[in-house]
Amino acid sequence: MGLSGTPTTNEAVLGWVRATARLTQPDEVVWCDGSQAEFDRLTAQMVTAGTLVPLNPDLRPGSFLARSAPSDVARVESRTFIASHRREDAGPTNNWREPEALREELAGVFSGSMRGRTMYVVPFSMGPVGGPISQLGIQVTDSPYVVVSMRTMTRMGSPALAAITPGTPFVPAVHSVGMPLVDAAGRHRDDVAWPCNDLKYVAHFPETREIFSFGSGYGGNALLGKKCFALRIASVMARDEGWLAEHMLVLKVTSPQQRVFHLAAAFPSACGKTNLAMLRPTIPGWRVETIGDDIAWMRPGPDGELRAINPEAGFFGVAPGTGWSSNPTAMEMLRENVIFTNVALTDDGDVWWEGMTEEAPDHLTDWRGRSWTPGSGTPAAHPNARFTVSAAQCPSIAEEFDAPEGVAIDAILFGGRRRSNVPLVAQAGDWSQGVFMGATISSERTAAAEGTVGELRHDPFAMLPFAGYNMADYFAHWLSMRDRLTRLPEVFSVNWFRRGDDGRFLWPGFGENSRVVEWICRRLEGSADARHTPVGLVPTPSGVNVAGLDVPAADLAELLAVDPTAWLDEVGRLERWFAQFGHRFPAELRGHLDLLRYRLDPPTGGDLAA
Ligand code: GTP
Ligand code: SPV
Ligand code: MN
């Protein structure tokens, strides 16, 4: 295939694009420039093809609805592979594949996989183009839906390609939906609205920094700048180069005294990052601005502080549960220029999902395109339905969002969805205990990945599906960061999801989480009271500002309680889970586990318990 008139002369890029086209055999190759004209052309083409439904321009200007195949609605962790040369380097929590064997398998499935389709070449930068924390990539894809999504989610187009000069490293990422329109015998088939393949691969070669994704068009499986590059590949770069690539939101908090704090927070998928990133404080005088809602790249800066950027340019957020009461900022952000996927369609051409309004409309078209009424007994929107929208459209976006050098992180929060045990907030005594807090996160499963919703699973640092190398080495890398920084962030654990015996949430959450943010910032200033517990420093009952809040004192006490019996069970669970890492598990974290058990169950009678 000739590539005349290509917008680059970089042989490394051209050679790779040529080789990929030779393998996948598309009808044509199109180089994407990221322009509005390109976006308009592709969306018009997808409307004709039935992939996108244009929404009512009066109600939702510039917006579209996509309905995926019902088999392609979330990340596929069981088909996500880490192909490092040694199995131990992928570790027991990743699906390891021998690189050469996987390469051969991939060559088989990608062979002719784009026949009858267009191969788009999508250059992109994670972080501002040319920034000191940023990285470059190129994704080739046969999905126009992926192209327009990458334009929103990354700095995509000509400036990124221009930055990839000869010798400049870039991460090559090959993506195919895996449904060629012409078979090997030359027979044509009709396209479908959401092409995909039941056979899926989300494959990473961490040592050569390469990504291959086959068979899915959805989210993190297909927008390869996100989980594949910015977390799995970047976590390996970060280990090698002394920085951190994390599943974290980043926000800027301004206190009533005009003091500014930057917080980063890791929660597992669909556990409240977007909500916290767009927090609208309910307490007077506090202001929260958004820097990122899903991924943080953090590097020691020249001043020895931990400097963070959000490498993404947009938000791929969970729609269900997003409403005027839970996240008004997001609702304003979603007024126009949005691609919605797997939400419901209203009869007047707008969108709806569970939790958007208190009452469902009388009639909808559900995410599968079927007629729906409140009596249907199934959700109208898929629980992992998402919106794709530019960060620039977020009313709470901070001016530092685009700052190439990032912001200095003052505190790191770890959280999960826990109906019991984990208190509303606790502060680690030091970095070491903070790393232990990150390593010991468990969370109830959500619809963001395949699996049983509600089931408790260990999800250290909210990175279980995203660490591109051995999780035990990852823990050790986190411990080692204290030697690279002159000012270490304080570390906290939070849990908005604790429930009473009757099953209701004890904490109102959402905007009221600003009260926990306040306590954290006051701790950073040294002005809030705390008491020691086995799991860290917890607010005294009067420590959390509950003025104007309707939380009974008994509930607050329960939110802050640490139950030794339940926690001893937790320690046992952790110990069994950590055992899989063998000798690679850092001794320092084992020490924290022993210390926690000792504090929960001190030997009686002896003065050791004092
Ligand atoms: P990913 O994009 O998958 O990484 O997820 P995320 O962590 O950004 O999740 P998001 O903020 O979109 O949260 C999704 C779900 O969490 C929704 O169902 C929300 O209603 C719920 N949620 C968020 N914050 C709170 C809270 O403070 N309390 C309660 N009870 N639910 C919350
Ligand atoms: C997550 O699952 O953590 C997401 C959505 O942010 S996806 O991009 O599909 O991974
Ligand atoms: Mn995420």
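Visitor: How many residues lie between β31 and β32 in their hairpin?

Guide: There are 2 residues between them, and β31 and β32 form a hairpin around that gap. Keep in mind as we go that this is a predicted model.

Visitor: Do tell me about the pairing. Do β31 and β32 run parallel or antiparallel, and how many bridges join them?

Guide: Strand β31 covers residues 530-533 and strand β32 covers residues 536-539; they run antiparallel and are joined by 4 bridges. For a concrete pair, take Ala530, whose bridge partner in β32 is Pro539. As for reading a strand in general, side chains in a regular strand alternate between the two faces of the sheet.

Visitor: On to the ligands. Which residues come nearest to ligand 1?

Guide: A shell is the set of residues with a heavy atom within 4 Å of the molecule. Around ligand 1 there are 21 of them, and Ala270, Lys273, Thr274, Arg386 and Phe510 come nearest. By class, that shell has 9 nonpolar, 8 polar and 4 charged residues. Helix α9 (residues 273-277) gives the most to the shell, with 3 residues.

Visitor: Which polar atoms should I look at there?

Guide: For a polar contact, look for N or O pairs within 3.5 Å. A polar backbone atom of Ala270 is 2.7 Å from an oxygen atom of ligand 1, and for a polar backbone atom of Gly272 the distance to an oxygen atom of the ligand is 3.2 Å. From the side chain of Arg386, an N or O atom is 2.7 Å from an oxygen atom of ligand 1. On its own, ligand 1 has 680 Å² of accessible area, and the protein covers 91% of that.

Visitor: Where does ligand 2 sit?

Guide: Ligand 2 sits in the largest pocket, and ligand 1 sits in the largest pocket too. Among the residues surrounding ligand 2 are Lys226, Lys227, His247, Asp294, Phe316 and Arg386. Its shell has 3 nonpolar, 4 polar and 5 charged residues. Helices α7 (219-222) and α8 (225-241) each supply at least two residues of that shell.

Visitor: What about its polar contacts?

Guide: Start with Ser269: an N or O atom in its side chain is 2.5 Å from an oxygen atom of ligand 2. A polar side-chain atom of Arg75 lies 2.8 Å from an oxygen atom of the ligand, while Gly220 uses a backbone N or O atom, 2.9 Å from an oxygen atom of ligand 2. Taken alone, ligand 2 exposes 290 Å², and the protein buries 99% of that.

Definitions and conventions:
Residues numbered from 1 in each chain as written. Chains lettered and ligands numbered in written order. Predicted model: local features only at pLDDT ≥ 70, side-chain atom pairs only at ≥ 80, totals over all residues. Heavy atoms only, no water. Polar contact = N/O pair within 3.5 Å; in protein donor to acceptor, adjacent residues only side chain to side chain. Areas by Shrake-Rupley, 256 points an atom, 1.4 Å probe, with all protein chains shown as cover. 1 Å grid on protein atoms, 1.4 Å probe; cavity = no way out; pocket = protein on both sides within 12 Å on 5 of 7 lines; lining within 4 Å. Sits in = over half its atoms within 2 Å of the grid points. Nonpolar A, V, L, I, M, F, W, Y, C, P; charged D, E, K, R; others polar. Pairing = 2+ DSSP bridges.
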